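Work through the following exercises with the sequence and the model open beside you, and try each task before reading its solution.

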Amino acid sequence: MLQTEIETTMAPAMAQPPALDLSRTALFLDLDGTLAAIEPTPDAVGPQPRRNWMLHELSRQLHGRLAVLSGRSIDDIDRILGETVRSLAGVHGLERRTPQGERVDLKPHPDLPAVAGMLQSFAAGQSGLLLEPKERSLALHYRGHPPAEAACLEIAHRLGAAYGLTVQEGRMVVELRTPGPDKGDALQVFMNDPVFVGATPVMVGDDLTDEDAFTAAETLGGFGVLVGDPRPTAARYRLDDPKAVLAWLEESIA
């Protein structure tokens, strides 16, 4: 969903979410900006003992109905979360690990290496830009130089149209992805798995990339929780920051 569509059709979510009922909830969590604070570079985010213990305990009490849906690769999610969560969707849904531990990954777009070279040349020409290559996508971060936003979006949309790649905008980042599932699709696939089926989905995330999952959770009888400042969103509730997310989740642990 485009940002302009979100802004014209949705109202800001303001209320704090209710306490989680772990007996009936299926919990879906974004990583960066939700479980972990946004850092200057992706590699700066690492394991955190309190967070990883909490996720392990949540997964146990939810009987496995816990999944992390992230823009990071599955290998990178495991690095940060210490393999505490079995069910994962990486690269916004292009990679997936089932509750049974099986990998379901989309084949990378064949033109990604060529596009990576062009984006790397572009990033090298401006200070503060960072190109993060992933096997199935390319993320161009401009957090280190926000004035480059317009130029980054322009080249991403131009290359996306030329090579048939999906353009996905996020917080201080624009990503060129292999066409395929998004986080909303990943949530729906998990909800059809016997481990998750029949539960109430709750999606917690901070970015535009989480909007599809907010919508999917609402459609399936659950709700979304926006993390960060109020903005137009499909989420029903809001928490201030990752610290508030961790505190809210810890309150649900018996």
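**Exercise 1.** Decide whether T25 is buried or exposed, and describe its surroundings.

*Solution.* T25 counts as buried, because its relative accessibility is 6%, where buried means under 20% relative accessible area, exposed over 50% and partly exposed in between, with a 1.4 Å probe and protein chains only. The model is a predicted one, in which local features need pLDDT of at least 70 and side-chain atom pairs count only at pLDDT 80 or more, while totals for chains, interfaces and linings use all residues. Residues are numbered from 1 along each chain as its sequence is written, and side-chain values use heavy atoms, with hydrogens and water left out.

Next, place the residue: T25 belongs to strand β1 (residues 25–29), where strands are DSSP runs of E with at least two residues, helices are runs of H or I with at least four, and both are numbered from the N terminus. Then list its contacts (heavy atoms within 4.5 Å): apart from neighbours within four places in sequence, T25 touches L20, L62, R65, A199, T200 and V202. Finally, a polar atom of the T25 side chain lies 2.7 Å from the backbone oxygen of D21.

**Exercise 2.** Find the order of the strands in the open sheet of 8 strands, and name its edge strands.

*Solution.* The order is β5-β4-β3-β2-β1-β10-β11-β12, with mixed pairing, two strands being paired if DSSP finds at least two bridges between them. The edge strands, β5 (103–105) and β12 (237–239), each pair on one side only. Within the sheet, strands β10 (residues 200–205) and β11 (residues 223–227) run parallel and are joined by 4 bridges; among the bridge partners, M203 is matched with G224 in β11.

**Exercise 3.** Determine which residues L58 touches beyond four places in sequence.

*Solution.* Start with the location of L58, which is in helix α2 (residues 49–61), and note that L58 is buried, with a relative accessible area of 0%. Its contacts, without residues up to four places away, are L22, L27, L66, L249, S252 and I253. Of these, S252 is 194 residues away from L58 along the chain, yet their C-alpha atoms are separated by 8.5 Å.

**Exercise 4.** Identify the residues through which helices α6 and α7 meet.

*Solution.* From α6 come K183, G184, L187 and Q188, and from α7 come D212, A213, A216 and A217.

Definitions and conventions
Polar contact = N/O pair within 3.5 Å; in protein donor to acceptor, adjacent residues only side chain to side chain.
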